[in-house]
Amino acid sequence: MLNPTFARKELNMAKAKKASESCATATHIVLPDDTNTLGNLMGGRLMYWMDVISAVAAHRHCNRVVVTASVNNISFNQPIKLGDFVTLEAKVSRAFGSSMEVFIEVYVEDHRTGAKTKANEAIFTFVAVDQIGNTIDVPELIPETDVEKQRYDAALRRKQLSLILAGRMKPTDATELKAIFEDLTEQ
Ligand SMILES: CC(C)(COP(=O)(O)OP(=O)(O)OC[C@H]1O[C@@H](n2cnc3c(N)ncnc32)[C@H](O)[C@@H]1OP(=O)(O)O)[C@@H](O)C(=O)NCCC(=O)NCCS
């Protein structure tokens with residue numbers, strides 16, 4: 001039988017991967033079954049599309065089964081209309097031990113004018129697991145562009161905040177968050 005400790009270490013030594021290698025995109029047309037009574041895309045349907053595309057990105061990074069661990073920072077800034085085209089782009093922004101943060105950007109193409117706008121962003125966290133649900137370490141992530149580097153740097157703060165809100169970390173242990181507040185009080 002495979003020693004689980006060995007399997008975890010072995011995978012952790014896997015080659016680090018570029019953020020761009022995880023990129024996943026999908027385009028949907030908003031159909032009547034996707035809308036509310038005002039003819040706008042329902043938030044829950046958009047969240048479902050986000051969950052699926054970000055799982056693809058996380059899976060591409062680690063090539064393992066992934067589960068959604070948390071959802072952060074979704075806001076719906078504008079209504080999306082029946083018939084519009086919705087494009088979601090997802091990319092892993094940082095890998096930790098077994099968890100990966102994924103950024104999702106949503107673009108809308110107005111079906112009447114063809115105008116494309118960025119509608120919103122969201123951040124999901126996925127965890128790689130084996131067939132019985134044990135967590136598995138994932139390859140490190142290499143950020144290349146300026147945006148990828150900014151997101152990579154800020155991801156640890158977001159992880160700590162998410163863990164505090166989930167009751168999985170004491171605020172006193174959140175070193176990255178504490179550093180921000182210490183900087184602010186010094187200003
Ligand atoms: C997510 C899950 C695998 C974590 O399992 P666990 O036994 O608690 O494992 P751990 O405590 O070791 O956490 C594993 C990783 O998840 C991270 N994590 C867990 N909860 C988190 C949260 N709310 N926010 C951010 N990261 C989180 C941990 O920090 C850890 O990351 P690391 O390995 O990169 O350091 C487990 O809770 C689970 O299976 N949840 C259900 C997932 C699911 O079914 N999703 C679909 C929704 S219906």
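Helix α2 covers residues 43–62, which makes 20 residues in this predicted model. From its first C-alpha to its last, the helix reaches 29 Å, close to the 28 Å expected at 1.5 Å a residue. The buried residues of α2 are L46, M50, I53, S54, A57, A58, H61 and C62. They lie on the same side of α2, because the arc they cover around the axis is only 165 degrees. The other side of the helix carries G44 and Y48, which are exposed. M47 also belongs to helix α2. With 16 C-beta neighbours inside 10 Å, M47 counts as partly exposed, so it falls between the two classes, since a buried residue needs 20 or more and an exposed one has 12 or fewer. Although M47 and I74 are 27 residues apart along the chain, their C-alpha atoms are separated by 8.5 Å.

**The chain as a whole**

The protein chain contains 4 helices and 7 strands. In sequence order these elements follow the pattern α-β-β-α-β-β-β-β-β-α-α. The C-alpha trace spans about 55 × 55 × 30 Å along its principal axes. Of the 187 residues in the chain, 28% count as buried. Among contacts between residues at least 6 apart in sequence, 71% join residues at least 24 apart.

**The nonpolar core**

In soluble globular proteins, nonpolar side chains tend to be buried together. In the protein chain, the largest nonpolar core has 33 residues, and the members that touch the most others are A58, A90, V92, M100, V102 and I104. Two or more residues of this core are given by each of α2, β4 (85–95), β5 (99–109) and β6 (116–129). The largest share, 7 residues, comes from β6. A58, one of the buried residues of α2, touches V66, V92, M100, V102 and F126 when residues up to four places away in sequence are not counted.

**The surroundings of the ligand**

The ligand is surrounded by 18 residues, of which S70, F96, G97, S99 and S162 are the closest. The elements that give two or more residues to this shell are β3 (65–72), β6 and α3 (146–165). Strand β3 provides the largest share, with 4 residues. Strand β6 therefore appears in both lists, as a source of two or more residues for the core and for the shell around the ligand. By class, the shell has 7 nonpolar, 9 polar and 2 charged residues.

**Loops and positive phi values**

Most residues other than glycine have a negative phi. Two asparagines in loops have a positive one. Just after α2, N63 takes a phi of about 55 degrees. This residue is found in the loop between α2 and β3, and it counts as partly exposed because it has 13 C-beta neighbours inside 10 Å. Phi of N73 is likewise positive, near 55 degrees. N73 is placed in the loop between β3 and β4, and its 13 other C-beta atoms within 10 Å make it partly exposed.

T135 is found in the loop between β6 and β7 (141–142). It is partly exposed, with 16 C-beta neighbours inside 10 Å. Its C-alpha atom is separated by 9.9 Å from that of V65, although the two residues are 70 residues apart along the chain. Leaving aside neighbours within four places in sequence, T135 is in contact with S98, V127, A128 and V129.

R112 has its place in the loop between β5 and β6. This residue counts as exposed because it has 8 C-beta neighbours inside 10 Å. The C-alpha atoms of R112 and G83 are separated by 8.7 Å, with their positions 29 residues apart along the chain counted as the distance in sequence.

The table sets out the three residue pairs described above.

| Residue pair | Separation along the chain | C-alpha separation |
|---|---|---|
| M47 and I74 | 27 residues | 8.5 Å |
| T135 and V65 | 70 residues | 9.9 Å |
| R112 and G83 | 29 residues | 8.7 Å |

Methods: Residues are numbered from 1 along each chain as its sequence is written. This is a predicted model: local features need pLDDT of at least 70, side-chain atom pairs count only at pLDDT 80 or more; totals for chains, interfaces and linings use all residues. The expected span of a helix is 1.5 Å times one less than its number of residues. The arc is that of the directions from the helix axis to the C-beta atoms. A nonpolar core is a set of buried Ala, Val, Leu, Ile, Met, Phe, Trp, Tyr and Cys residues joined through C-beta atoms within 7 Å. Two residues are in contact if their C-beta atoms, placed from the backbone, lie within 7 Å. A residue is near a molecule or strand if its C-beta atom, placed from the backbone, lies within 6 Å of it. Ala, Val, Leu, Ile, Met, Phe, Trp, Tyr, Cys and Pro count as nonpolar, Asp, Glu, Lys and Arg as charged, and the others, Gly among them, as polar.
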